[in-house]
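Me: I'd like a close look at the inside of this protein, covering how its core is put together and where empty space is left. Could you walk me through that part in one go?

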Amino acid sequence: MPLSTWVVLPLFILAITSASLIGSRALRRDTIVLMTVFIVMELTSIYFSGGFIDYQFYVNLNINDIIEGLFIFKFQAVLVIAVFFALIIGLIKLANFCRRKFRLPYRLLLATLAIASLSYHNGPFSRLYEIYQVTTADEKPFDQALQSMNMVDYPHKQQVHTLQGKNIIVLSLESFEQGFFDFADITPNLRQLRQEFTFFPNMPMAAGSSWTTASMYTYMTGMPFLIGGYSTSPLMKADKTKLVSLGDVLQQAGYQTRYVMSGPDFAGIGHIAELLGMQVISEKNYVGQYPVAPFGLYDKDILDIAQKQVTQLHNSGKPFALFISTISTHAPNGFNDERMTSVISPKDDNMSFVAASLDHNVGKFIAYLKENNLLDDTVFYIFPDHLMMGSGTPTINRLSEKERKLYLLTNAKTENLQKSTDQTIYQIDLPRLILNGAQVNTNAKFLTDYLTTPNFDKKQFIEQNKSNIATLNQAAQEYKQDK
């Protein structure tokens, strides 16, 4: 039975039986409305993330993300509204019917069974408890929060020392999970790169790293994006973080650090990048030079700007680290760039066309690096920011035919990475892998450096330490008035 069916049935029963216990028609109606809000939110969460309401859902309940979501998911928004009102009418009628036809003991029994059927690990109540764990996490000074995570010898920013290695290019591909490699007509370039360079196929997605902003924060700091406090826009008021990030490590060695993105306002990624010490490069630096696109730039133009930035940075003679995020393959259907019709053959659906376009442009970008001998002193890393969200689309159906995972593709040597490609890696490993692969020598430490037991399940560790992680991330925030 599909997950969506399993969760809806007990929630329906709980809503109907709970309301039927109330004598006042007005209170019964209000109970149904509140329960319907919860049911629709659960269905929305299942549709977008494949799971129940959790911290990811919670932090996207802010006005900016809601507006962006309505822009991207227009049809789904209309459907949600229609379902909401239809459920209210239907559930009120069923609650009244249940009150008339069933005795009180039977209604209580049904309500109890419904609650029991929802009370399992990773179920709806369990995920709501996760939100409670994170938002109510203890407040502690930064050093005490580090001790709670057993990170007792964590070098602070002013204690970090770094020796320069190779130049670094990081490509974070929007929702471009591993399953796309199974489609030869969509990813010929990335499939070729997989054969030519180092490829890690075992990279599961973990809590606190499963959406764009969280993924960026995790691969920059090595810490999942679980932040104490009740804000649905965490870090938006922060000016800096006490956590050591890739930006801190690289700048200490004299690297120029820049982040190329479609638009800094999308999901707040511009603010997060600046908070982590990056110079943000977007459509705002190239006003009128590229076609207007959803959220700023199409992937073709993002990678064109990245190419210009690489040339400029390389010609400066100074070491550099360039970070890039794409956007056009955003769920549910992607953002089609009409210019690509002359390059990419027609596909079965829009997302397949957009995905093939991204593959083409990534291949073109890496070819530029090769042709100009830039890979002699530059290490690149390519990985998805997270799994594709949504359900029911042709692309999601194809991707769901096998286990869905992330991956890491790089030209770094495995001996430098200090990992073999048959090992499982995690998103919290990325900052260490990025530095190791580029042969950047530093005394900086990340969470993963404290989890070194062979075959240690870091995904499970995150699940079991959400509260401590939230405390640490909250303690690390620095505000302008703190200076």
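Reply: Happy to. Please keep in mind that this is a predicted model. A good place to start is phenylalanine 323, which touches Val170, Tyr219, Met220, Leu246, Leu250, Arg258, Tyr259, Val260 and Met278, leaving aside residues up to four places away in sequence. Phe323 belongs to the largest nonpolar core, a set of 156 residues. Within that core, Phe323 is one of the five members that touch the most others, along with Tyr219, Ile324, Phe365 and Tyr381. Helix 14, which spans residues 350-371, supplies the largest share of this core, with 10 residues.

Tyr219 leads us on to a polar neighbour. Among the contacts of glutamine 427 are Tyr219 and Thr218, and the list also includes Met203, Pro204, Met205, Ala206, Ser209, Ser215, Asp385 and Leu406, again without residues up to four places away in sequence. Glutamine 427 sits in the loop between helix 16 (414-417) and helix 17 (430-437). Is this loop residue buried or exposed? Glutamine 427 has a relative accessible area of 4%, so this residue counts as buried, the limit being under 20%. Two of the contacted residues also meet its side chain through backbone polar atoms. A polar atom of the Gln427 side chain lies 3.2 Å from the backbone nitrogen of alanine 206, and the Gln427 side chain reaches the backbone oxygen of serine 209 at 2.9 Å.

Now for the empty space. Searching the whole structure turns up 2 cavities of 30 Å³ or more. The largest has a volume of about 80 Å³. It is lined by 13 residues, of which Asp299, Ser328, Asp337, Val354 and Ser357 are the closest to its centre. Helix 14, met above in the core, gives the most to this lining, with 5 residues. Helix 13 (299-315) joins helix 14 in supplying at least two lining residues each. By class, 6 of the lining residues are nonpolar, 4 polar and 3 charged.

The second largest cavity holds about 60 Å³ of space. Its lining consists of Ser172, Glu174, Thr212, Met261, Ser262, Phe266, Ile269, Ser325, Thr326, Ile327 and Asp385. These residues divide into 4 nonpolar, 5 polar and 2 charged. Asp385 ties this cavity back to the loop residue we looked at earlier: Asp385 is part of the lining here and is also touched by glutamine 427.

Terms used:
Residues are numbered from 1 along each chain as its sequence is written. This is a predicted model: local features need pLDDT of at least 70, side-chain atom pairs count only at pLDDT 80 or more; totals for chains, interfaces and linings use all residues. Side-chain values use heavy atoms; hydrogens and water are left out. A nonpolar core is a set of buried Ala, Val, Leu, Ile, Met, Phe, Trp, Tyr and Cys residues joined through side-chain atoms within 4.5 Å. Buried means under 20% relative accessible area, exposed over 50%, partly exposed in between (1.4 Å probe, protein chains only). Helices (H or I, at least four residues) and strands (E, at least two) are DSSP runs, numbered from the N terminus. Contact means heavy atoms within 4.5 Å. A polar contact is a pair of N or O atoms within 3.5 Å; within protein, one must be able to donate a hydrogen and the other to accept it, and residues adjacent in sequence count only if both atoms are side-chain atoms. On a 1 Å grid over the protein atoms alone, a cavity is a set of points where a 1.4 Å probe fits but cannot get out, and a pocket is an open set with protein on both sides within 12 Å along at least five of seven lines; lining residues have an atom within 4 Å of a point. Grid points are joined across faces, edges and corners, and a volume is the space filled by probe spheres set on the points. Ala, Val, Leu, Ile, Met, Phe, Trp, Tyr, Cys and Pro count as nonpolar, Asp, Glu, Lys and Arg as charged, and the others, Gly among them, as polar.
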